[in-house]
Amino acid sequence: MLGIILGLIVLMFLAYLGWSIIWVAPIAAGIVALGGGLDLLDSYTNVYMNGFVSFAKSWFPVFMLGAIFGKLMQVTNMATSVSLMIGKLLGEKRAILGVILSCAVLTFGGVSLFVVVFAVYPLALGLFKAANISRRLIPATLALGSFTFTMAALPGSPQIQNLIPIKYFDTTAMAAPITGIVASLIMFFGGYFYLKYRENTLRTNGEDYDEPKKTYKEQNKDKIPNFLLSLAPLFFVVILLNIFDFNIINALLCGIILILILNITHFKRFIPAINEGASGSVVAIINTSAAVGFGSVVKNVPGFQSLIDLLLSIKGSPLISEAIAVNLLAGATGSASGGLGIALEALADKYKEIALNQSIPLELFHRIASISSGGLDALPHNGAVLTLLAITGLSHKQSYLDICVVAVIIPILALIVGIILATFGIY
C-alpha cells in the first residue's frame, strides 16, 4: 500500500511540475513495483508494457480518427462557421452563453477539446469585447463548454471519456441517460449562472474588457462555409454512433468522408491536415497508454487487494468508491482519460462482480466513471488547462479560480447528485 501511495504522489508531483507522463509513469510504476516486492525489469517489460500496448491497440484508431476529424473541421473553417453563427444568433448581450454553446456543439459533435479551444477563442474575444466583459473569464467560459458536460456527462458523446468505459463494462455511449442528462444540466446551468455572477461582480468593481498583449492571428481566413453544411458532419457522427449503432471508428470515418466531400474544392489542404491530426494523436494515445500501464503495475502488487478493500469499505453504494478512485487518479495524472484508464484497468473487474452480485446496472458504473473523470482532472497541472491559459495569454492567478469552479467544483456536485439518483434506481 505504501508503494502504491508513494507512486501516486510521485506521479502527481512530477505531473504538476509539467513533466511528461510518458516517462514519469514508468518511474512511478517502478516505485509501486519495488514497494510491492516485484522484479523491477519484469514489471516494466511485461506488466507495464502489456497494459500500455493493450490500451493503445484498442484505442489508437479512435484517437487518430478523432484528431483527424477535428483538424479537418478546423482547416476547412467548418468549426469557425458553427461558432460564429451561434455567437451571431445569441448576440453580444449573451456573449458568455454564445461561447459555451459554441464549444458544446463542437465537442458533442466529436471535435477534440484542444481544437475547439483554438476554433472558438477568436469568437470569444470578439463577443467579450463587444459586451465589455473582462477577458479573465474567457478561459472558464471555454472550459465550461469544452471540458465538462459534453466531455464526460452527456449521454451519446463521442468524446473518449465517454467511450473508455464501454470496453470495461460492455455498455454503449448512451449508458444511464437520465443520470447523464441531470448531471449535464447541473454543470451547464451551475457554470453559466456562476459566470454571469462573476461578470456582474467584475463590472461592478470596474474591471472591463482589456486587449490581449499578444494578438491572436487566425491561420485560415478563407470564406466561411455554410452553417448548416458545417453542422452536418457533427450531427452525422452522433447519429451514426447512437441511433444506427455504428461503432465509433466507423462513425468517425463517415464523418471524415463527409467533410472531404463537402469541402472538395479545398482538397490541397486535406493531406497536411490529416498528417497533422494523425501526428497529434500519437502523443495523446501514448500519454493515456502510459497512465494505463501504471495502473497495470498497481493491479499486480500484493498491496492492491488492500487498496480494493479500502475503497470498498466506504459505506454506501460501490458507485461512491468508483467515483473517488477515478477522481483521485484523474487528479493525480492531470488527465481525465488517463485517470479513468488507470482506475478501470485496475478496478473494473471487481466492479463488474459487484454489479452482478448486487444487481446494479453496469450502465451506472459506466456513467459515474465517465462523470468522475471530469472532476479533479482540471487541477492546475492539467494539460488542457495549461494549453487554455497559454492560448488566451492569461495566468493561473488571473483565471484559474473561475476554471476551478466551473470545471472542478460544480462537476463534483453534479456527480454527487448522479450518485444519489442512482441510489434510488433512477438512471
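Me: How many disulfides does a search of the whole structure find?

Reply: Happy to start there: this is a predicted model, where local features need pLDDT of at least 70, side-chain atom pairs count only at pLDDT 80 or more, and totals for chains, interfaces and linings use all residues. Residues are numbered from 1 along each chain as its sequence is written, and side-chain values use heavy atoms, with hydrogens and water left out. A disulfide is a pair of cysteine sulfur atoms within 2.5 Å. Searching the whole structure on that basis, the number of disulfides found is 0.

Me: Which cysteine has the nearest sulfur to that of Cys103, and how far away is it?

Reply: Cys103 is in no disulfide. The nearest cysteine sulfur belongs to Cys404, at a distance of 19 Å.

Me: Is Cys103 buried or exposed?

Reply: The classes rest on relative accessible area: buried is under 20%, exposed is over 50% and partly exposed is in between, with a 1.4 Å probe and protein chains only. Cys254 has 23% and so counts as partly exposed. Cys103 has 0%, so its class is buried.

Me: How many aromatic pairs does the whole structure contain?

Reply: Rings of Phe, Tyr and Trp (its six-membered ring) pair if their centres lie within 6.5 Å; planes under 30 degrees apart are stacked, over 60 edge-to-face, and the rest tilted. With that rule, the search of the whole structure returns a number of aromatic pairs equal to 13.

Me: What kind of aromatic pair do Trp19 and Trp23 form?

Reply: The centres of Trp19 and Trp23 are 5.4 Å apart and their planes differ by 25 degrees. Trp19 is partly exposed at 40% relative accessible area, and Trp23 is partly exposed at 44%. By its geometry, the pair of Trp19 and Trp23 is stacked.

Me: And what kind of pair do Phe188 and Phe189 form?

Reply: Here the ring centres of Phe188 and Phe189 are 4.9 Å apart, with 75 degrees between the planes, so the pair falls under the heading edge-to-face.

Phe188 is buried at 13% relative accessible area, while Phe189 is partly exposed at 40%. To give the class again, the pair of Phe188 and Phe189 is edge-to-face.

Me: Which residues do ring pairs link into a cluster?

Reply: Phe188 and Phe189 are both in this cluster. The full set linked by ring pairs is Phe149, Phe188, Phe189, Tyr192 and Phe193.

Me: How many salt bridges does the structure hold?

Reply: Side chains of opposite charge can pair when their charged atoms come close. A salt bridge is a side-chain nitrogen of Lys or Arg within 4 Å of a carboxyl oxygen of Asp or Glu. The number of salt bridges in the structure is 9.

Me: How many residues apart in sequence are the parts tied together by Arg136 and Glu207?

Reply: The side chains of Arg136 and Glu207 meet in a salt bridge at 2.7 Å, N to O. Arg136 lies in the loop between helix 6 (113-131) and helix 7 (138-146), and Glu207 in the loop between helix 10 (177-204) and helix 11 (227-242); helices (H or I, at least four residues) and strands (E, at least two) are DSSP runs, numbered from the N terminus. Arg136 is partly exposed at 25% relative accessibility, and Glu207 is partly exposed at 25%. The pair therefore ties together parts whose separation in residues is 71.

Me: Which residues are linked with Glu199 in a network of salt bridges?

Reply: Glu199 bridges to Arg203, with the closest N and O atoms 3.0 Å apart. Glu199 and Arg203 are separated by about one helical turn because they are 4 residues apart in helix 10. Glu199 is buried at 9% relative accessibility, whereas Arg203 is partly exposed at 32%. The residues linked with Glu199 in the network are Lys196 and Arg203.

Me: Which helix contributes the largest share of the nonpolar patch?

Reply: The patch covers about 670 Å² and is made by Ile178, Ile409, Leu413, Ile416, Ile420, Phe424 and Ile426. Patches take residues with over 30% relative accessible area and no salt bridge, joining like charges within 9 Å and nonpolar side chains (Val, Leu, Ile, Met, Phe, Trp, Tyr) within 5 Å; areas come from the Shrake-Rupley method with a 1.4 Å probe, and for residues only the protein chains shown count as cover. Ile416, for instance, is partly exposed at 44%. The largest share, 4 residues, comes from residues 396-423, which form helix 19.

Me: How far apart are the end C-alpha atoms of residues 403-426?

Reply: The unreviewed UniProt entry lists 403-426 among its "transmembrane region" spans; positions follow the numbering used here, feature names are shortened, and annotations may be inferred rather than shown by experiment. In the model this span is 88% helix and 0% strand. The distance between its end C-alpha atoms is 30 Å.
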